[in-house]
Amino acid sequence: MTETLVAFANTDGGHILLGVTPAGHVIGNLQEEEVEGALRHALVNCRPPVKTEWQLVSTGQGDVVGVFVPRSTELHSLADGRVIVRSGAQNSPLGGEQIRQLAATKSSSDFEAEPIAGATLADLDEAIITEYIEKREERQRRKLTLSRQELLVQIGALTPELAPTTVGILLFGRDPQVFLPHSGAVFVRFTGTEARGPQGLPGYGRREEIVGPLARLIERLWQIIWSEMRVQAVVRGLQREEKSEYPPFAVREALVNAVCHRDYRVRGRRIEARMFDDRLEMSSPGGLPGYITLDNIVEEHFSRNPRLVNGLFQWGYIEELGLGIDRMIEDMVKNGHPQPEFKPTPYAFSVVLRNIQTSRPIPVWQQNMNERQLRAIQFIQTSTRITNRDYRDLCPDVSAETLRLDFADMVDKGILLKVGDKKGTYYVLK
């Protein structure tokens, strides 16, 4: 328990459940005295002590205790000096350089929750708040029971005294740049592959400054980048499709990450999107957060701005927490491009997407097929057609219903064409 308390406090916080197996089964009644004693013993071995909140909940199968550990602004260790962080479902110790980096990232105060001097409730945009609530209810598939002010206090947008905070102004402010001038973004479209034109003159053909709350910032920056991307017409069968210069998800993920994870304490610098003929660069102020390095950036997750990240996740701008980098890399490679380049410095972090083709793009119809379906396609390529009996022979250990659903899926995707009916049915490539 001590290790997990320290691990949660050093990362994004979390809940510890006592009296429950890893599979979720309640295993017995717990006495309050036992819980208090165990928790007290665990906390004694945390350096410095970790803040916790716990609650005893009675279920039909017995009592369960939930211990909540909030994210801490301090660096915590065990009594023996080990610094532990939460990595997926495991507690992992950090090495010397990782400890130094995490300690440097931890601030003496919670910057997101600090009140903004001079800001009042009138500086929040009611329409933006309404949009957030609607999107959150849609994602959660239930109505929120809290009042607006209670919700804003809960997510850290307002202090208990109802003063707008940094995250409140960034997410819901009418004009956040009045209070945080550096919170906007700049887009520059360069002609060619260099930032300078002939004779050292500025080499850009378009320059846009984007302001507003972060949701509008993301939307406007995305619209500008999309309008500047080259689009290629691709004919598949009888259908004409448009293929963008960069995979849309990769671009959007780089953009959202720049907004979510920048260090808003760094003043005088804004998010920059620079588009060249051969690449797109997305740069945000602040180095890599916490213990994140280039070696673990795909596997690990640490939020510099957890309230901001959660707000944009509930809004729908983040699809699934912690998985975006994986898919960004995957989409770039699938489309024949090099993997994204990640460039950290002490004061900024950049993602570079290159549009050059280093390999043949993987056909779209192959990207979302299971192993059985790929086997069926290979059979058709040599035999020109496939029947239900052929497919059963290829996959003898799979039920007929599963194979039927495989065929229906490939027909729906426009990969196969169904010919004939009943026992005379066979399939060909469309």
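This is a short dialogue on reading features of a predicted model.

Biologist: Let's start with the helices. At what angle do helix 4 and helix 10 cross?

Modeller: Compare the two axes. Helix 4 covers residues 126–140 and helix 10 covers residues 306–315. Their axes come within 7 Å and cross at roughly 70°. Angles of 65 to 115 degrees count as roughly perpendicular, so helix 4 is roughly perpendicular to helix 10.

Biologist: Which residues in helix 4 and helix 10 meet?

Modeller: From helix 4 come Ile 128, Glu 131, Tyr 132, Lys 135, Arg 136, Arg 139 and Gln 140. From helix 10 come Gly 311, Phe 313, Gln 314 and Trp 315. By type, the residues of this contact divide into four nonpolar, three polar and four charged.

Biologist: Now the interior. Which residues have the most contacts inside the largest nonpolar core?

Modeller: First the general idea. In soluble globular proteins, nonpolar side chains tend to be buried together. Here the largest nonpolar core has 72 residues. Phe 172, Ile 225, Val 259, Leu 312, Trp 315 and Leu 353 have the most contacts inside it. Apart from that core lies another, of 18 residues, including Leu 5, Val 6, Cys 46 and Val 50.

Biologist: What is Trp 315 in contact with, leaving aside neighbours within four places in sequence?

Modeller: Trp 315 is in contact with Ile 128, Glu 131, Tyr 132 and Lys 135. Leu 171, Phe 172 and Ala 215 are also its contacts.

Biologist: Cysteines next. How many disulfides does a search of the whole structure find?

Modeller: Look for two cysteine sulfur atoms within 2.5 Å. The search finds zero disulfides.

Biologist: Is Cys 46 buried or exposed? And Cys 395, buried or exposed?

Modeller: Buried means under 20% relative accessible area. Cys 46 has 3%, so it is buried. Cys 395 has 4%, so it is buried too.

Biologist: On to the backbone. Which residues does a cis peptide bond join?

Modeller: Check omega. The cis bond joins Arg 47 and Pro 48, with omega about -15°. Pro 48 is found in the loop between strand 2 (46–47) and strand 3 (53–59).

Biologist: What is the phi of Arg 141, and what is that of Thr 384?

Modeller: Read the sign, then the residue type. Arg 141 is not a glycine, yet has a positive phi of about 60°. Thr 384 is not a glycine either, and its phi is positive, about 70°.

Biologist: Where do Arg 141 and Thr 384 lie?

Modeller: Arg 141 is in the loop between helix 4 and helix 5 (148–154). Thr 384 lies in the loop between helix 13 (371–383) and strand 16 (386–387).

Biologist: Is Arg 141 buried or exposed? What of Thr 384?

Modeller: Exposed means over 50%. Arg 141 has a relative accessible area of 78%, so it is exposed. Thr 384, at 58%, also counts as exposed.

Terms used
Residues are numbered from 1 along each chain as its sequence is written. This is a predicted model: local features need pLDDT of at least 70, side-chain atom pairs count only at pLDDT 80 or more; totals for chains, interfaces and linings use all residues. Side-chain values use heavy atoms; hydrogens and water are left out. Buried means under 20% relative accessible area, exposed over 50%, partly exposed in between (1.4 Å probe, protein chains only). Axes are lines fitted to C-alpha atoms, for helices over the stretch in contact, and angles run from 0 to 180 degrees between N-to-C directions. Helices (H or I, at least four residues) and strands (E, at least two) are DSSP runs, numbered from the N terminus. Angles under 35 degrees count as roughly parallel, over 145 as roughly antiparallel, 65 to 115 as roughly perpendicular and the rest as oblique. Contact means heavy atoms within 4.5 Å. Ala, Val, Leu, Ile, Met, Phe, Trp, Tyr, Cys and Pro count as nonpolar, Asp, Glu, Lys and Arg as charged, and the others, Gly among them, as polar. A nonpolar core is a set of buried Ala, Val, Leu, Ile, Met, Phe, Trp, Tyr and Cys residues joined through side-chain atoms within 4.5 Å.
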